[in-house]
Amino acid sequence: MLVESDCPPMKLKTIRPNYVSQFPASFEEGILYISEEFETAGHLCCCGCGEKVITPLNPVKWQIRKDGDKVSLSPSIGNWNYACQSHYWISQNQVVEAKKFDPKTIRAVQRRDRRDMTRYIERTNAAAAAAKKHKPSFASKVNEWLRRLLGS
Ligand SMILES: [Zn+2]
């Protein structure tokens, strides 16, 4: 169930992308740092609380959509682990305040996220294992050849 937000409006109304290879030691407000190399984005919470928000960019976490010099992140960013518990969307560089979730919804979302992540890891591992099976490594080819040579 959604409840109305009771926190003050977002301090930041806009955010702009800054493509970096690595994150700087300290973030500047209003900048969405995007590391395509490490598939991660990071910014300071748009409510102004100063917390660093790191958003991994992968199929089960966040997707980034680029539109010229504008970016959108989906899904929304819910800072449940921070005191502010702010919840907003980044859409075309605009910070759009979203409704605050109640604790029960937050727990449900966190459970779903963990489940999605586990499935994603399982799928990735399975794909890696399958690839390995089809493409034997050099060492396993040598092993096989030795086994045949020794007739065992
Ligand atoms: Zn905040």
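**Note on a two-domain predicted model**

1. Start with the interface. Domain 1 and domain 2 bury about 640 Å² between them, and 69% of that area is on carbon and sulfur atoms. The size of an interface is often given as the accessible area lost when the parts come together. On the domain 1 side, Val60, Lys61 and Trp80 lose the most area to domain 2. Together these three residues account for 69% of what that side buries.

2. Which residues form the two domains? Domain 1 covers 2–100, and domain 2 covers 104–150. The contact between them draws seven residues from domain 1 and seven residues from domain 2. Taken over C-alpha atoms, the centres of domain 1 and domain 2 are 31 Å apart.

3. Now the chemistry across that interface. The rule finds zero salt bridges between domain 1 and domain 2. Residue pairs in polar contact also number zero there, with both residues required to be at pLDDT 80 or more. By class, the domain 1 side that touches domain 2 has three nonpolar, three polar and one charged residues.

4. Confidence comes next, since the model is predicted. The mean pLDDT of the chain is 87. Of its residues, 93% reach 70 or more. Residues 1–5 are a weak spot: pLDDT stays under 50 there. The model has 14 contacts for this stretch beyond four places in sequence. Where pLDDT is low, the predicted coordinates should not be read in detail.

5. How many salt bridges does the structure hold? There are four. One pairs the side chains of Lys11 and Glu29, at 3.0 Å from N to O. This pair links distant parts of the chain, 18 residues apart. Lys11 is in the loop between β1 (2–3) and β2 (16–19). Glu29 is in the loop between β2 and β3 (31–35).

6. Lys13 deserves a look too. It is found in the loop between β1 and β2. Its side chain reaches the backbone oxygen of Met10 at 3.1 Å. Leaving aside residues up to four places away in sequence, Lys13 touches Asn93, Gln94 and Val95. What separates Lys13 from Glu97, in sequence and in space? The two are 84 residues apart in sequence, and 8.9 Å apart in space, C-alpha to C-alpha.

7. Two backbone details should be checked on screen. Most residues other than glycine have a negative phi, and most peptide bonds are trans. The peptide bond from Ser74 to Pro75 is cis, with omega near 0°. Pro75 lies in strand β7, which spans residues 70–78. Gln85 is not a glycine, yet it has a positive phi of about 50°. Gln85 is found in the loop between β7 and β8 (87–91).

Key
Residues are numbered from 1 along each chain as its sequence is written. Side-chain values use heavy atoms; hydrogens and water are left out. Domain bounds come from an automatic or database domain assignment. Contact means heavy atoms within 4.5 Å. Buried area is the accessible area (1.4 Å probe) that two parts lose on being put together, summed over both. A polar contact is a pair of N or O atoms within 3.5 Å; within protein, one must be able to donate a hydrogen and the other to accept it, and residues adjacent in sequence count only if both atoms are side-chain atoms. Ala, Val, Leu, Ile, Met, Phe, Trp, Tyr, Cys and Pro count as nonpolar, Asp, Glu, Lys and Arg as charged, and the others, Gly among them, as polar. pLDDT is the predictor's confidence in each residue, from 0 to 100. Helices (H or I, at least four residues) and strands (E, at least two) are DSSP runs, numbered from the N terminus.
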